[in-house]
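Q: I would like to learn how to read helix packing and pockets in a protein model. Could you take me through them?

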Amino acid sequence: MRLIPNFITKRKAHDLLVFQAGWREWQTEDAPIIAYIFKVLLACMLAMWLSLRFELDQPRTAMMTVAIVMQFRSGMVFAKSYYRFLGTSVGILVSFLLVALFAQERVLFLVCMGLWIGLCTAGSMIYRNFQSYAFVLAGYTLCIVGLPSAITPELTFNIGVTRISEILIGLICATLVSDLIFPQRMWDVMLAAVRRRFKDFSDLLQATAVKPVASTTSTPTLLRFLGDIFSLETFQASTGMENDKSRVHRQKLSRMNHEFMEVSTSFHAFEQLLRRQHDSAQPQVSLALQRIYQSLSAAIMVGGHSAQSEQEAMIVSRQLTVFRNQFSTNIHTERAQLSADISPSERLDFETGCELLQRLTDELYVYTSTYASLAVAQSCNVSLTETAPAPKLEMHFDPLAVTLAGIRGTLSLAILSALWILTDWRSGVEAITLGVISSTLFATTPSPTRTIKNFMIGAIIGTLLAYFCNFHLLTQAHGFWMLAVAVAPGIIIAAWFTTRPATAIVGAGVFMVYLMHIGFNSAYNSNPVTFINDAIADLLAVLISGIMYGLIDLSSSRWSRQRIAKSLRNLVVAACRDTVALRRNRLETGARELVQRAGSAQRIGDKEDRIVMEWLLSTLEIGHAVIALREYMQVVEHPYIIKMLSLGLESVAQLYDAPSEAYRIQAINTIDHAMAEINQANIEFNLPQANQHQINVMLHFIRSALLDEESVLAVGAQATLEKH
């Protein structure tokens, strides 16, 4: 006999499914955030307890250290802690040196301090990742240790040792809690990013095979991949101190980054060729190449979808091997089906497309194989491959931007120091410290002006929280646990802000100002007058930093974008003119890093940054063709042919050095003449057929790219971009 009605059973089953779905969503979204906030709070409380236990002067310094270095992933905490300790140690040593030299000369001390901060700010602009952060620390540690020491020189050593002790306690607490309490490894993040990137790129190839003409829709995706490349490089820089398999695969992941840069550039070049062929009404050539390309897109699919794991990538690798073995046969079949009456230019278009498609296939196979090898068990052969050095992302930066960033940091210090000296401001040291921190810490962000605004919002919130804590909670606190309860709400609120990318800078401002204004050191000593004085000093310091960013912020100026575009074009000029041909990996890393540092990659939706993106794609497209052409030139021995090719390269260099319609027409005519002479040389000087084919294909590709009226090199396209 059935005692439970059927509808009740169904309702319970439905409720169970809803609960399971909600539980999975909570585990993937909310649980890491709650765990992170708990870890920040626990590490801060541990740092505060140890600082009080050792009777250090400022427990808030240890707590602030925890707040600064704590990250979601353990590897990033280890790396940031290491570079914070390194930068702080250098800053303290420089403080000792300057106090020893200029303890009685406040102006000379501040002048040398300004020079040091300018150099450190410039260094933070040159280096990447946490190396950049170490330069920032070396700069503003001079304010934290050097300024109080200059006022009381006899306490210099005690101040330096105390500060480094407090910072060490904060670093130890942060690393221990991060590694022991709900540890999150960088390997999981990196593997998820690699899987997502491979799947997204496979989906992009498939979508382009279905709708080849809509090339503009792939540009935002390609530019998003630009940010992924440097994000993975940042993650990889943080894995060296993790004791897991992420360190084993570091070289392989770095190699994958470079392989992906190359294959994404080849894809863009082939896609642009298909679009130009469609626009020029060449249906036979376009359809022939499209059929081969659709076969390639089918080879990267597994069961009707893109590969979502390394195991499925192994299947794709085997399918690509089969496709590569059949590539010559497919080309021969499509070539035979072309009409005999098509023009030589159309036939050369087909050969150019085949050359680009073969390069895309080969690079995609290498990239897929490297990705699939992550699933292969470790063996002797794999270990040898792992230890092979991988190409590194070289540093490319704008020297003027670096110089102006250093000047900006020095000027911020000069203005605040002048206010301190002229008004004998009691909170002048506090203002100088936070002003230098805010003027150097955000120098490398894509939009410093916007960043400092968010930091100001956080500073205001932190001031309000500190006021409530100091004069309503701390006055009632007796003993450590009551003290922890009084301080905890502000820490929780600040940590919650930092869990979201949109409010992370706000959270940093809350943390910084809240912990700087906490009204206890070794004993409670807060009073309203001092608090208001320090609060005004902090907000004024951030305001002055914001003004300096507004006056000297290259990332948001049209002039800066033009300089970045010029630097990108110079890479093509160097590829054409340099004695030693610019290698592909140098071109890739140089162009992509220039855009990444300028912040345009993070602002791909802004019309003002569109011209930088267009020059990036044009640089990669033409630069690769120029480098390939120079490689083919190395096997040419006849001086007349070399002269013709050199004239063609020089015309391209002139065009990219000073873009104009006249230079574009001149470059097209020069390349046309070079192709005609090389074909004649094939008859008169017995140039090998294979060499002639390769050279003609690259020359024709460059010529077709220069003829493209939608290219950034065309007058109409330039006018449209500059108008925006």
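The dialogue below turns to two helix pairs and a pocket.

A: This is a predicted model, in which local features need pLDDT of at least 70 and side-chain atom pairs count only at pLDDT 80 or more, while totals for chains, interfaces and linings use all residues. Residues are numbered from 1 along each chain as its sequence is written, and side-chain values use heavy atoms, with hydrogens and water left out.

Q: At what angle do helix H11 and helix H12 pack?
A: Axes are lines fitted to C-alpha atoms, for helices over the stretch in contact, and angles run from 0 to 180 degrees between N-to-C directions; helices are DSSP runs (H or I, at least four residues) numbered from the N terminus. Helix H11 (residues 283–299) and helix H12 (residues 310–325) pack at about 155°, with axes 9 Å apart. H11 is therefore roughly antiparallel to H12 (over 145 degrees).

Q: Which residues of H11 and H12 meet?
A: With contact meaning heavy atoms within 4.5 Å, Ile292, Ser295, Leu296, Ala298 and Ala299 in H11 meet Val316, Gln319, Leu320 and Phe323 in H12.

Q: How do the axes of H2 and helix H3 cross?
A: The axes of H2 and helix H3 (residues 74–102) come within 9 Å and cross at roughly 130°, and H2 and H3 are therefore oblique to each other (oblique is what remains outside under 35, 65 to 115 and over 145 degrees). Thr65, Ile68 and Val69 in H2 meet Val77, Lys80, Ser81 and Arg84 in H3.

Q: How many residues line the second largest pocket?
A: A pocket is an open set of points on a 1 Å grid over the protein atoms alone, where a 1.4 Å probe fits, with protein on both sides within 12 Å along at least five of seven lines, and lining residues have an atom within 4 Å of a point. Here 40 residues line the second largest pocket, with Gln58, Arg60, Glu430, Met516 and Asp534 nearest its centre.

Notes: Helices (H or I, at least four residues) and strands (E, at least two) are DSSP runs, numbered from the N terminus.
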